[in-house]
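Visitor: I'd like to learn how to read a structure like this one. Could you walk me through it?

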Amino acid sequence: MVTYVEAQSRSKRAPGVIPLHGEEGFAGMRRAGQMTARALDMLTQHVRPGVTTGELDRLAFEFGRDHGAIPATLFYRGYRHSICTSINHVVCHGIPGERVLREGDIVNIDLTYVVDGWHGDSSRMYGVGEIPRKAERLIHIAYECLEKGIEAAVPGNTTGDIGAAIQSHAESQRTAVVRNFVGHGLGRLFHDEPNIMHFGTPGAGPELKPGMIFTIEPMINLGRPHVKVLSDGWTAVTRDRSLSAQCEHSIGITETGNEVFTTSPAGLFNLTSPDTK
Ligand code: MF3
Ligand code: CO
Ligand code: CO
């Protein structure tokens, strides 16, 4: 039961107008989101000491190739890889390559597949072998922040309610929210309106309406919130070199709440599973 006009391309819309998607969009997002989630599930068994981030990138590319999915980041603004691999103090946009994963590392893998033109964007944290207790705790908090954000993403609330829920949880645990990167609308476009800040004031920002589709992807630091981008132009790291963790889902606002498109079909990406405990 959906009565919304399908989203127009961004160029045909006035700036600041948030597209409302209909049943076709939700169905497309379900397919793309589930393909992304399956690949992130598949990668779990490959994240072990000795593997390079480049090998994980190849696996993500090949899984997509075999299932009719194209990585959205390939050739996106000069980026040349299928995933981002952000290790330890890397906040986001780490570039896969020769780096070998070592026991005790934590790594975020961020993947967006395009399936039939729709974008499924999700990222998870993976521990390499046994990880330090403080890293486990940080991952747990980042995942809880994503959950608090999703709980606040209901019609009648605003984007500010999402940010405020995330910020208050992160800061109650004496961790910091990164301000420099935001969640984003998506659909047929990779990055669209609205911006979803992971901090803010309850009631601020645009009201959430059924048919809106966007990501929530908080980056949480053990130390200070400040980041810098390395000379490769992509890799964002914590300025104080403290550990950082991120979790991301693509969701759609429904009449009664929301639908998460990128839920793990294997049940791997949730608070009770070992990889996020
Ligand atoms: N998937 C990232 C996001 O969550 C975007 C990565 S863009 C890249 O929005 F070019 F760095 F890959
Ligand atoms: Co992403
Ligand atoms: Co995203």
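Guide: Sure, let's begin with metal sites. Donors are N, O and S atoms within 2.8 Å of the metal (3.2 Å for Na, K and Ca), and water is not among the atoms, so sites may look incomplete. Four donors count as tetrahedral if all angles lie between 85 and 135 degrees; four count as square planar and six as octahedral if opposite donors are over 155 degrees apart and all others between 65 and 115; anything else is irregular. Here, the cobalt ion (ligand 3) has 6 donor atoms with angles of 52 to 158° among them, and its site is irregular.

Visitor: How far should I trust this?

Guide: This is a predicted model, where local features need pLDDT of at least 70 and side-chain atom pairs count only at pLDDT 80 or more, while totals for chains, interfaces and linings use all residues. Residues are numbered from 1 along each chain as its sequence is written, chains are lettered from A and ligands numbered from 1 in the order in which they are written, and side-chain values use heavy atoms, with hydrogens and water left out.

Visitor: Which protein donors hold the cobalt ion (ligand 3)?

Guide: Look for Asp121 (OD), His184 (NE2), Glu217 (OE) and Glu248 (OE), lying 2.0 to 2.2 Å from the ion. The cobalt ion (ligand 2) sits 3.3 Å from the cobalt ion (ligand 3), and Asp121 coordinates both. Asp121 is in strand β5, whereas Glu217 is in the loop between β9 (213–216) and β10 (219–221), 96 residues apart along the chain. Strands (E, at least two residues) are DSSP runs, numbered from the N terminus.

Visitor: Are Asp121 and Glu248 buried or exposed?

Guide: Buried means under 20% relative accessible area, exposed over 50%, partly exposed in between (1.4 Å probe, protein chains only). Asp121 comes out at 2%, so it counts as buried, and Glu248 is buried at 0%.

Visitor: What about β7 and β8: how do they pair?

Guide: Two strands pair if DSSP finds at least two bridges between them. Strand β7 (residues 183–185) pairs with β8 in the antiparallel sense, over 3 bridges. One bridge joins Gly183 to Ile196 in β8, and the two strands form a hairpin with 6 residues between them. In β8 (residues 192–196), 4 of the 5 residues are buried, so that strand is largely enclosed by the rest of the structure.
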